[in-house]
Amino acid sequence: MGRHTSCCGSGFEVRCIDAAEFHSGRDASLAIGRELDFPSYFRGGWDGFFDLLSAGFQEKPRRLVVGLLNSDVLADRDLRLFVNTSWHLQNATETIESGGGGDWQLEFLYWGAWRSVGD
């Protein structure tokens, strides 16, 4: 998975990963954990993801956007995995929002070539 990092004028760090390469929840949590700078011992899984997420943002507050490129490809291939991953990432956003102040913010954006319903 290619990694692209940049900062935008609003103080957010932006990182992008290829969601089309997710084939399981473990793949998704591991790839996203890498973008969140989780320690090398993290081997994936949503329980461990949330443990490290809370600890990482408490130790080093930050403002981060993770863009999931090709989310449409993942949704077309495995809608259940897409929905499950989206649900966990929404919970991650809420976890950071409820536990931190203004310096703590985590957002996930789903990028892809989305079609209209019925296409």
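These legends describe close-up views of a predicted model.

**Figure 1. The overall fold has four helices and four strands.** Along the sequence, the elements run β-β-α-α-β-α-α-β. The protein has 119 residues, and buried residues make up 41% of them. Consider the contacts with a separation of 6 or more: residues 24 or more positions apart account for 61% of these. The accessible surface comes to about 6700 Å². Carbon and sulfur atoms hold 51% of that surface.

**Figure 2. The largest nonpolar core contains 28 residues.** Phe 22, Ile 32, Leu 36, Phe 49, Leu 53, Leu 68 and Leu 106 touch the most other members. Helices H1, H2, H3 (71-77) and H4 each supply at least two residues of this core. Strands S3 (63-69) and S4 (105-110) each do so as well. Helix H2 gives the most, with six residues. In soluble globular proteins, nonpolar side chains tend to be buried together.

**Figure 3. Leu 36 is one of the core residues that touch the most other members.** This view shows its surroundings, leaving out residues up to four places away in sequence. Leu 36 touches Phe 49, Leu 53, Leu 64, Val 66 and Leu 106. Leu 36 also touches two arginines, Arg 15 and Arg 62. Phe 49, Leu 53 and Leu 106 appear again among the core residues that touch the most other members.

**Figure 4. Several residues of helix H1 are buried.** They are Ala 28, Ser 29, Ala 31, Ile 32, Gly 33 and Glu 35. An α-helix has 3.6 residues a turn, so residues three or four places apart point the same way. Ile 32 is also one of the core residues that touch the most other members. Asp 37 follows H1, and its phi is positive, near 60°.

**Figure 5. Phe 38 and Phe 49 form a tilted ring pair.** The structure holds five aromatic pairs. In this one, the ring centres are 5.3 Å apart and the planes meet at 55°, so the pair counts as tilted. Phe 38 lies in the loop between helix H1 (25-35) and helix H2 (46-59), while Phe 49 lies in H2. The pair therefore ties together parts that are 11 residues apart in sequence. Both Phe 38 and Phe 49 are buried.

**Figure 6. Phe 49 also pairs with Phe 50, in an edge-to-face arrangement.** Their ring centres are 5.6 Å apart, with 75° between the planes. Phe 49 has a relative accessibility of 0%, so this residue counts as buried. Ring pairs link Phe 38, Phe 42, Trp 46, Phe 49 and Phe 50 into a cluster.

**Figure 7. His 88 contacts two residues of the aromatic cluster.** His 88 lies in helix H4 (residues 79-99). Neighbours within four places in sequence are left aside here. The contacts are then with Trp 46 and Phe 50. His 88 counts as buried because its relative accessibility is 12%, and the cut-off for buried is under 20%.

**Figure 8. Glu 13, Arg 15 and Asp 37 are linked in a network of salt bridges.** Side chains of opposite charge can pair when their charged atoms come close. The structure holds two salt bridges. One joins the side chains of Glu 13 and Arg 15, at 2.6 Å from N to O. The other joins Arg 15 and Asp 37, whose closest N and O atoms are 2.9 Å apart. Arg 15 lies in strand S2 (residues 13-18) and Asp 37 in the loop between H1 and H2, so this second pair ties together parts that are 22 residues apart in sequence. Arg 15 is buried, with a relative accessible area of 7%. Glu 13 is buried too, at 18%. Asp 37 is partly exposed, at 38%.

**Figure 9. Leu 69, Leu 109 and Trp 111 form a nonpolar patch on the surface.** Together they have about 230 Å² of accessible area. Leu 109 has its place in strand S4. Leu 109 is partly exposed, with a relative accessible area of 36%.

Definitions and conventions: Residues numbered from 1 in each chain as written. Predicted model: local features only at pLDDT ≥ 70, side-chain atom pairs only at ≥ 80, totals over all residues. Heavy atoms only, no water. Buried < 20%, exposed > 50% of the residue type's maximum accessible area, 1.4 Å probe, protein only. Contact = heavy atoms within 4.5 Å. Phe/Tyr/Trp six-rings, centres within 6.5 Å; stacked < 30°, edge-to-face > 60°. Salt bridge = Lys/Arg side-chain N within 4 Å of Asp/Glu carboxyl O. Areas by Shrake-Rupley, 256 points an atom, 1.4 Å probe, with all protein chains shown as cover. Core = buried A, V, L, I, M, F, W, Y, C linked by side-chain atoms within 4.5 Å. Patch = residues over 30% accessible without salt bridge, like charges linked within 9 Å, V, L, I, M, F, W, Y side chains within 5 Å.
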